[in-house]
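Got the viewer open? Here is a short tour, one selection at a time.

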Amino acid sequence: MRPEILNPLFCDITSLKGVGDKTAHWLNLLCGRRVLDLLWHLPSSVRMRPIYETQPPLGQCATFQFTPKKYLVPPTRRIPFRVQGETPFGTLVLVFFHSHMKEIEIRFPLDKTLWISGTLQNKNGTFIVIHPDYVREKQQDIPTHEVIYPLMKGAQNTVLIKLIQGVFSNFPTLPEWQNEKFLAVNNWPDFKSALFKLHRPENDSDLSPLTPPRMRLAFDELLANQLALMIVRQKNRVQAGIACPPKNTLKLSLPFALTTAQEKVLSEISTDLASPIRMSRLLQGDVGSGKTIVALLAALQVIENNYQVAFMAPTDILARQHFQKISKLLEPLNIRVGLLTAREKGKRREALLKSLALGEISLIIGTHALIEEGVQFKNLGLAIIDEQHRFGVNQRLKLAQKQPKVNTLVMSATPIPRSLAMTLYGDMEVSVLNEKPAGRTPIQTKVLSTKKIPAVIQKLQNWPNQAYWVCPLVDESEKSDLMAVKERFKELQQVFGNAVGLVHGKMKGDEKEAVMADFVSGKTRILVSTTVIEVGVDVPNASLMIIEHAERFGLATLHQLRGRVGRGTLNSVCLLLYDKLSANAKQRLELLRDTEDGFKIAEADLQMRGAGEILGWRQSGLQDFKIAHLPEHTDLLKYATQEAKEILKSDPTLSTSRGQALRTLLYLFEKDSAIHTLKAG
Ligand code: ADP
Ligand code: MG
């Protein structure tokens, strides 16, 4: 059970004073449902409001004295009301839209010197401020800086500031879970003070990942993460599982021979499955290394033993593609395969869930829909999670917890730098597919300016096979990005007519599916898309990958995208088109041009990435940390791993008083599934 002391942090945001339905609505969307979610919503910047006695720079927030001298009353309300006055640096006009004379007279009595704060502009030689942010009699009543939170439409910064301030005035006193000496040596504050400080930055340097409060919380988070992983792993090692020895009754006839790497990995998995200890294994293999078939053969070994298998993919497109391919392969074996995504609804869904619960379906393929409450199995023996970096640890565990003893196989095409693999996936054994099927020709990668687009279109005209054209949609809500994709599509349509398809994240499921189906069948030759195709999609006849604004993608993403071609025996080309190229971006694109080795790319990504360039990893979901930030906190991660090991060595059930405090920490960072694991043992 969650320590009671945490209740004020875990209660609903609506329990806070002043949060009505409307505020709750945007708060829920912006940060989440609980007070704790609000606390994890950290400021993104600080707006300074310096005081000026001379002329402030234009376009910046500034505070200065102002003495109203004259009202410039407009003839109609459509024209703004203006107040002319004097400042230490000359005449200035304040501009107000939709204001009433009365109101203005009260706020700006003539000849009374006031303090105002706003953004100074120069319009046709006159200084103006449109709607000043503050008008006060005393300078002290105007803040010298303001904390800015990440916002969305409808959200109010001032409301966030007030609410968070309120939470701190009522903050529970939490036990200290860190070693006091360690805190003292590093000069790190306690949890509450650290979090408070993070919400009160006074300048940009307070936002650095290296301040003591930020380091303290990052260490907390990393320790929670490492503890959770190790607890799960410790349990897995001795936990009873479902034993599924190979029987070889179900034989799949494949159009190719397995690679040596596939054979080796498969035998590791097969041994795990046969043993009565629960399997928990990560299969890492670069894009195109052939993980799916390995997973399928593992699944057959479980099905032979009359257990069910669940195969979870991160996107609808991918789940459907797996379903189609796998059903076809399994047809001769008479095995019933089901598909469950958010799109299976109504009667169809009910029937499916029923067959699943009765055990009539042996293999169910799907998306997150598989981990929903209503989904029940008769006897789940193996949970396979594809592209696992797209799921959080909790989601991964949820599928495994559908039934006790379930074996799990998680697969990832995001090679994890060796220096991090152990720390990030400490709860699993690892298999590596380090060889691609024979006959693959290397992908030729070229780095080009977007100015070359006409030539690229020419190339596309003469290209004998299918091609992808990817435009960035970094933020799904970014309208301009969506426009850019659509425009590119229109432009290509003018040249290629119906041979072009368009798929993006804002499209409905069926629309997306239809477009993908046309591309898979070869009906369309060119597919314009956003990164929705990034994960796993397999069209062997596609051999040209064009990535526009490649400088805006992270290395990991680019590597994934490139992996969509070069999947057959065709000569493949990847064109990385850039618009503006920083030195760092240039280095990244060149690295990609020079190697296809995913592990090398991952290692370099970690080394190279400056603080701002985390896009690739963030997108890859590899680190969904709230506070910790790699690579700046890589050392902290190493300490946290050591510390977690020592803690569990001396107190494996977290029952000492420090252990109890650490449980509180685990709750604060959503690692409660690890605590359940502790309890189950
Ligand atoms: P990934 O590891 O990226 O998930 P897939 O499992 O999608 O890769 O496999 C990529 C392609 O390689 C598929 O078309 C698959 O059928 C094919 N493939 C897998 N194993 C082999 C093999 N041993 N020989 C030839 N082709 C293979
Ligand atoms: Mg795959």
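**Start with the cysteines**

The structure has zero disulfides. Keep in mind that this is a predicted model. To see what is going on, select Cys 31 and then Cys 11, which holds the closest cysteine sulfur: the two sulfurs are 14 Å apart, so they are too far from each other for a bond. Now jump to Cys 574. Its closest cysteine sulfur belongs to Cys 471, and because that one is also 14 Å away, no bond is possible there either.

**Colour by domain**

Next, give each domain its own colour. Domain 1 comes in two pieces, 4–46 and 148–207, while domain 2 runs over 50–142. Further along you'll find domain 3 at 237–433 and domain 4 at 443–595. If you drop a marker at the C-alpha centres of domain 1 and domain 2, they sit 35 Å apart.

**Zoom in on ligand 1**

Select ligand 1 and bring up the 17 residues around it; the nearest are Gly 288, Lys 291, Thr 292, Arg 440 and Asp 538. Colour this shell by class and you get five nonpolar, six polar and six charged residues.

Now for the contacts. Click on Thr 292: a polar atom of its side chain is 2.7 Å from an oxygen of ligand 1. At Gly 290, look at the backbone instead, where an N or O atom is 3.1 Å from a ligand 1 oxygen. Then pick Gln 262, whose side chain puts a polar atom 2.9 Å from a nitrogen of ligand 1. On its own, ligand 1 has 570 Å² of accessible area, and the protein covers 84% of that.

Last stop: hide the ligand and look at the space it takes, which is the largest pocket.

Definitions and conventions
Residues numbered from 1 in each chain as written. Chains lettered and ligands numbered in written order. Predicted model: local features only at pLDDT ≥ 70, side-chain atom pairs only at ≥ 80, totals over all residues. Heavy atoms only, no water. Near = heavy atom within 4 Å. Polar contact = N/O pair within 3.5 Å; in protein donor to acceptor, adjacent residues only side chain to side chain. Areas by Shrake-Rupley, 256 points an atom, 1.4 Å probe, with all protein chains shown as cover. 1 Å grid on protein atoms, 1.4 Å probe; cavity = no way out; pocket = protein on both sides within 12 Å on 5 of 7 lines; lining within 4 Å. Sits in = over half its atoms within 2 Å of the grid points. Nonpolar A, V, L, I, M, F, W, Y, C, P; charged D, E, K, R; others polar. Domains from an automatic or database assignment. Disulfide = S-S within 2.5 Å.
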